[in-house]
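Colleague: I am new to this structure and would love a close look at one part of it. Could you pick a loop, walk me through it, and then show me how the rest of the chain is put together?

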Amino acid sequence: METKRGKVPNNAERSWEPERVQLMAQGLLLREQGYQCDHGVLYFRASRTRVDIQFTPELEQRTLELLAAAQRAQRATTMPAPLEDSPKCFGCSLAGICLPDETTLLRHEHPGAGGEPRRLFPARDDATPFYVQEQGAQVGKSKETLVVRARGEVLAKARLLDVSQLVLCGNISVTAQALHLLCERGIPLLHVSMGHWFYGVTGAVGPRNAYDRAAQFRAADDPDRRLEFARQVVATKIRNQRTMLRRNGTGVDKQVLDGLTRDAAAAEACPAVDRLLGIEGSAGARYFSGFASMIRAGSDTQDFDFEGRNRRPPRDPVNALLSFAYAMLSKELTTAILAQGLDPHWGLYHAPRHGRPALALDLMEEFRPLIADSAVLSAINTRMLERKDFVVGKSGCSMKPEARKALVRAYEARLDQLVTHPLFDYRCSWRSVIRLQVQLFARWLRGDVPSYQGMTTR
Ligand code: SF4
């Protein structure tokens, strides 16, 4: 007898096929142990009804077929194609991983042929990253809550339910109890320096999907696929740089915008990955030549002069902010790539180099202007920062803790903002878009969709 919580179904069999098959499978197990077993009973608790199910040869045959199919699926090394336009996808816990409508749309040659994609996952995540920046602090736990203490005082608390990742910036320790709890719940701990240089991750997100990684290494070894992907990455980034200037810049020279349009077209037609570096470089120079026009003029912002991109070390506050924001973005992509089971260090466009998260750098290109640059501009233009929050010396410009905190706030606010996805036409947060792009990249690696399409905004 199998008990069901619901009511007896209003159909001819007074039961659903999965329920009958489940019962038959239990009957087969009993038979294997020597019991005679020719029927079973479904008991529907909500309607207090018993339904007898006869173990007919047809039901037995169907159960054995489904068992064989389940065993084949278990042994398979590729994901089955998603259902098309199925009502079952609503409420399916796998919808955010499976992306049924997005995959179907991208598999059709003409966008839109797969129908209007339904957004089957929440527009925003309920949980967000929890940053600890107070040097010398310790993160412990109390029941289901993380507690940050320093010098005997409680500085902050966060319910585990609300935390998507714990980001430890600099010299922060974690108790063994808190560490175990975070690993148990699959919440990663990210270790970054005070300047947000990304050291690594501790936690349950590990490379679980060996087949995706194998597909990644095969693609990285295939010159045609590398070129196809690299063209898309660079062209998308340039288009997004152009959009940023067009939307936010004042008095931007038309030649700059036209030049970026030409650079994007050149990237799309580029015959070799090595040549893309040159196109990306000249587009970058063009874009940063107009970057200062996006800083709103005002007595508070005149301290944020910008004469061009420089780094290692950055020499002025705007460059220090940009470097810091790119480091945070690289951490974001690395975490999303690890969660997808891919190797963040094996890139297709950026060459793998010891300690360099090359794939994270590949996939973050399209987001640099839209997320990192946008967060920096928002922090400056909304007066979240002042010149006194920076120290400029001979060895470059560094950010004081107040500047770092302000930029983290601006960056997280940007990730939480909703945007309309240009391909799928639904709204979701930038954080969800990053995850979605990494998932679609994995689908392209596996050959589930014919191309990887970068994220652009209008
Ligand atoms: S979301 Fe995917 S796994 Fe879930 S019902 Fe739809 S196709 Fe099946």
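Modeller: Let us start with K143, which sits in the loop between β5 (138–142) and β6 (145–150). Please keep in mind that this is a predicted model. The phi of K143 is near 50°, a positive value in a residue other than glycine. That is worth a second look, because most residues other than glycine have a negative phi. K143 has a relative accessibility of 70%, so the residue counts as exposed, the cut-off being over 50%.

R48 makes a good companion to K143. R48 is placed in the loop between β2 and β3, and its phi, near 45°, is again positive in a residue other than glycine. With a relative accessibility of 71%, R48 counts as exposed. A positive phi also turns up at a glycine: G34, just after α1, has a phi of about 95°.

That brings us to helix α1 itself, residues 17–32. Its 16 residues, at 1.5 Å a residue, should span 22 Å, and the end C-alpha atoms are indeed 22 Å apart, so expectation and model agree. Which residues of α1 are buried? They are E19, R20, V21, L23, M24, G27 and L28. It helps to recall that an α-helix has 3.6 residues a turn, so residues three or four places apart point the same way. The cover over the buried residues of α1 includes the strands β1 (2–4), β2 (39–44) and β3 (49–54), together with helix α2 (57–75). Two of these, β2 and β3, are the strands on either side of the loop that holds R48.

Now for the whole chain. The protein chain has 14 helices and 15 strands, and its C-alpha atoms fill a box of roughly 90 × 60 × 40 Å along the principal axes. Of its 458 residues, 48% are buried. If you take the contacts between residues at least 6 apart in sequence, 63% of them join residues at least 24 apart.

The ligand is a good next stop. Around the ligand you will find P82, L83, K88, C89, C92, A95, C98 and P100. By class, this shell has 7 nonpolar residues, no polar ones and 1 charged one.

Next, follow helix α7 (residues 223–248), where K237 lies. K237 has a relative accessible area of 11%, so this lysine counts as buried, the cut-off being under 20%. Setting aside neighbours within four places in sequence, K237 is in contact with E280, E365, E366, R368 and P369. K237 also has a part in a helix pair: the axes of α7 and α12 come within 9 Å and cross at roughly 35°. From α7 the contact uses K237, N240, Q241 and M244, and from α12 it uses R368, P369, L370, D373, S374 and L377. The residues of this contact divide into 4 nonpolar, 3 polar and 3 charged.

Just beyond α12 (367–381), the loop leading to β12 (390–393) holds K388. At 54% relative accessibility, K388 counts as exposed. The C-alpha atom of K388 is 9.6 Å from that of E402, and the two residues are 14 residues apart along the chain.

E402 falls within helix α13 (residues 401–416), which pairs with helix α14 (residues 430–446). Their axes come within 5 Å and cross at roughly 70°, so α13 is roughly perpendicular to α14. E412, R414 and L415 of α13 make the contact with W430, R431 and I434 of α14. Sorted by class, the residues of this contact are 3 nonpolar, no polar and 3 charged.

One last residue to visit is T334, in helix α10 (residues 317–339). Is T334 buried or exposed? Its relative accessibility is 3%, so T334 counts as buried. Leaving out neighbours within four places in sequence, the contacts of T334 are with F198, P344, P357 and A360.

To come back to where we began, K143 and R48 are both exposed, and each has a positive phi in a residue other than glycine.

Note on methods. Residues are numbered from 1 along each chain as its sequence is written. This is a predicted model: local features need pLDDT of at least 70, side-chain atom pairs count only at pLDDT 80 or more; totals for chains, interfaces and linings use all residues. Side-chain values use heavy atoms; hydrogens and water are left out. A residue is near a molecule or strand if one of its heavy atoms lies within 4 Å of it. Ala, Val, Leu, Ile, Met, Phe, Trp, Tyr, Cys and Pro count as nonpolar, Asp, Glu, Lys and Arg as charged, and the others, Gly among them, as polar. Axes are lines fitted to C-alpha atoms, for helices over the stretch in contact, and angles run from 0 to 180 degrees between N-to-C directions. Helices (H or I, at least four residues) and strands (E, at least two) are DSSP runs, numbered from the N terminus. Angles under 35 degrees count as roughly parallel, over 145 as roughly antiparallel, 65 to 115 as roughly perpendicular and the rest as oblique. Contact means heavy atoms within 4.5 Å. The expected span of a helix is 1.5 Å times one less than its number of residues. Buried means under 20% relative accessible area, exposed over 50%, partly exposed in between (1.4 Å probe, protein chains only).
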